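Okay, thanks for making time, everyone. I'll put the structure up first and then talk you through it.

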Amino acid sequence: MRLDRELPCIEVVELVTAYLEDALSVADRQRVEEHFVFCDGCTTYLEQIRQTIVLTGRMEPEDIPPALQEKLLAAFHDWTPA
Amino acid sequence: MEAAPSAEERRLVDALRAGDESAFTQLVQEYGPSMLRVARMFVSSRAVAEEVVQEAWVGVLNGIDRFEGRSSLKTWIFRILTNTAKTRAIREGRSIPFSALAGEGEEPGGVDADRFLGDDSRFPGHWAAPPQRWEALPERRLLAAETLDVIEREIAKLPPNQAIVVTMRDVEGFDAEDVRNALDISETNQRVLLHRARTKLRRALEEYMQ
Amino acid sequence: MTAYKFLEAGAVSPFAGFRWPLDEWVDAAGADPCRRGIHACRIRDLPFWLNDELWEIELDGDIVEQERKVVAPRGRLVRRVDGWNRDVLHEFGSSVLARTRTRFGAVAGLAGYVGDIQLHLASGRVPLAAFAAARAAEVNGGPAEYERERSRQAAWLAARLGLGAA
């Protein structure tokens with residue numbers, strides 16, 4: 001039986017991004033935070049999303065290949081500043 | 001991301017306008033790899049992505065006089081990149097539906113429904129099998145290069161629109177406004193794509209951690 | 001206006017991670033006080049925000065009353081409510097269990113919540129136990145009963161900690 005006041009975990013996990021973006025309505029943000037107070041599972045889930053973001057930010061790209069580098073330099077030499 | 005060029009960026013802009021090659025080289029070194037990574041998500045091959053990057057830099061040079069500093073230099077450069085990439089993608093017959101969210105329906109890869117209690121329980125929709133904190137696992141796991149591989153592999157499996165948004169937001173550090181402008185999508189669209197991507201990345205990490 | 005604030009150990013706000021100074025006015029940043037303001041509890045809000053430390057907080061400026069909190073542009077921690085500690089938290093939990101058991105312990109379909117509360121208390125999850133009690137009340141009698149159980153929880157806290165007295 002799904003109740004009026006209910007913001008169950010299955011819905012909270014769908015709101016975490018909006019929560020982190022500070023895009024929830026005042027009422028929803030409160031309901032979510034109220035939920036985190038008693039729900040270890042969702043608190044952990046939020047923490048994991050945060051950790052995911054941190055880890056994702058650590059991905060270093062590969063260097064651009066030398067051939068492309070040369071083409072870019074060539075393009076620069078072809079270019080005349082205004 | 002800052003909403004205006006930093007002092008260093010302003011110096012580079014001035015130097016570039018004066019024809020300073022070392023300024024160009026510095027910018028290419030700093031942003032080129034990321035630009036290639038993002039371009040690759042729009043187009044059909046690495047070779048095409050390299051062409052996009054080349055075209056974008058030409059656009060940067062041709063436009064540098066018109067850069068007004070209303071955003072950071074990085075944001076401006078990446079806007080040129082994404083515009084170039086989008087145009088090229090369309091020419092290739094690949095249009096990436098950033099706004100076509102209707103009809104995506106139930107996305108697999110989120111949290112499985114069986115992780116939650118059913119409607120007949122005393123707490124419908126609450127966790128049946130809650131996630132376990134990653135801190136409880138050996139610390140090394142979180143820091144290992146393997147976790148980055150997990151993320152990279154998972155991003156490669158994302159639909160392009162999600163991959164691009166999560167790359168620009170969480171990998172490159174652009175804020176929501178920058179990404180909205182670069183991709184010309186609404187805040188809601190951007191957020192939904194980001195949400196789906198992050199949900200899948202977390203799940204992939206959870207599976208790896210177990 | 002004097003209100004209350006639950007914080008994590010070290011006077012750290014649970015959501016923003018902000019470390020509160022003692023006896024110093026803190027201004028909420030940003031133009032929208034509802035989003036960025038100082039949050040605090042009236043007595044009736046206390047059961048929803050249980051945490052390590054309970055503080056008395058003085059609020060200043062336009063105070064906005066919301067469903068489960070009040071929000072103000074400025075706040076200042078005045079004093080720690082020393083009576084609040086882990087032991088009292090567990091006393092609170094026991095009171096919730098006792099009340100729920102009395103009301104629903106012999107009621108089919110609701111007795112299960114009593115077991116849930118016991119389980120949660122056994123693992124130290126007092127806020128979850130309190131939620132379960134309110135939930136049981138709601139299943140029994142609708143949203144008004146949820147609120148009534150929460151009011152009882154608030155009343156217990158106020159009485160036990162001597163809150164609201166001059």
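What follows is a quick walk through the scores, chain B, the contact of chain A with chain B, and then the helix packing in chain C.

Before anything else: this is a predicted model. It scores ipTM 0.92 and pTM 0.92. For chain C, the average pLDDT is 93, and 95% of the residues score at least 70.

Let's begin with chain B. What secondary structure does chain B have? Nine helices and zero strands. If you read the elements of chain B off from the N terminus, you get α-α-α-α-α-α-α-α-α. As for extent, the C-alpha atoms of chain B fill a box of roughly 70 × 40 × 30 Å along the principal axes.

The assignment splits chain B into domain 1, residues 7–91, and domain 2, residues 115–209. Between the C-alpha centres of those two domains of chain B there are 28 Å. Where they touch, nine residues of domain 1 of chain B are in contact with 11 residues of domain 2 of chain B. On the domain 1 side, helix 2 (21–42) and helix 4 (73–91) of chain B each supply at least two residues. Helix 2 of chain B has the largest share of that side, with five residues. By class, the domain 1 side of this contact in chain B comes out as four nonpolar, three polar and two charged.

Next, chain A against chain B. How many residues of chain A are in contact with chain B? It's 38 residues of chain A, and they meet 46 residues of chain B. On the chain A side, helix 1 (9–20), helix 3 (40–56) and helix 4 (66–78) each supply at least two residues. Helix 3 of chain A gives the most, with 12 residues. And the make-up of the chain A side is 21 nonpolar, eight polar and nine charged residues.

Okay, chain C. Here the assignment gives domain 1 at residues 2–80 and domain 2 at residues 86–161. Their C-alpha centres lie 25 Å apart. Five residues from domain 1 of chain C and 10 residues from domain 2 of chain C make the contact. The domain 1 side of that contact in chain C has four nonpolar residues, no polar ones and one charged.

Now for the helix pairs in chain C, and I've got three of them.

Pair one is helix 2 (residues 86–104) with helix 3 (residues 111–122) of chain C: the angle is about 165° and the axes are 9 Å apart. Angles over 145 degrees count as roughly antiparallel, so helix 2 of chain C is roughly antiparallel to helix 3 of chain C. The crossing of helix 2 and helix 3 of chain C is left-handed. From helix 2 of chain C, the contact residues include C:Val96, C:Leu97 and C:Phe104, and from helix 3 of chain C they include C:Val114, C:Ile117 and C:Leu121. Sorted by class, this contact of helix 2 with helix 3 of chain C has eight nonpolar, three polar and one charged residues.

Pair two keeps helix 2 of chain C but sets it against helix 5 (residues 143–161) of chain C, at an angle of about 140° with the axes 11 Å apart. That angle makes helix 2 of chain C oblique to helix 5 of chain C. The crossing of helix 2 and helix 5 of chain C is right-handed. Among the residues that meet here are C:Phe92, C:Val96 and C:Arg99 in helix 2 of chain C, and C:Arg152, C:Trp156 and C:Arg160 in helix 5 of chain C. The class split for helix 2 with helix 5 of chain C is five nonpolar, two polar and three charged.

Pair three is helix 4 (residues 126–141) and helix 5 of chain C, at about 145° and with their axes 6 Å apart. Which hand does the crossing of helix 4 and helix 5 of chain C have? It's right-handed. On the helix 4 side of chain C the residues include C:Ala130, C:Ala133, C:Ala134 and C:Ala137, and they face a helix 5 set that includes C:Ala144, C:Tyr146 and C:Gln153. By class, helix 4 with helix 5 of chain C gives seven nonpolar, three polar and five charged.

That's my tour, so over to you for comments.

How values were computed: Residues numbered from 1 in each chain as written. Chains lettered and ligands numbered in written order. Predicted model: local features only at pLDDT ≥ 70, side-chain atom pairs only at ≥ 80, totals over all residues. Contact = placed C-beta atoms within 7 Å. Helix = DSSP H or I, 4+ residues; strand = E, 2+ residues; numbered from the N terminus. Nonpolar A, V, L, I, M, F, W, Y, C, P; charged D, E, K, R; others polar. pLDDT = per-residue confidence, 0-100. Domains from an automatic or database assignment. Axes fitted to C-alpha atoms, helices over the stretch in contact; angles between N-to-C directions. Parallel < 35°, antiparallel > 145°, perpendicular 65-115°, else oblique. Left-handed = near helix turned anticlockwise from the far one by under 90°.
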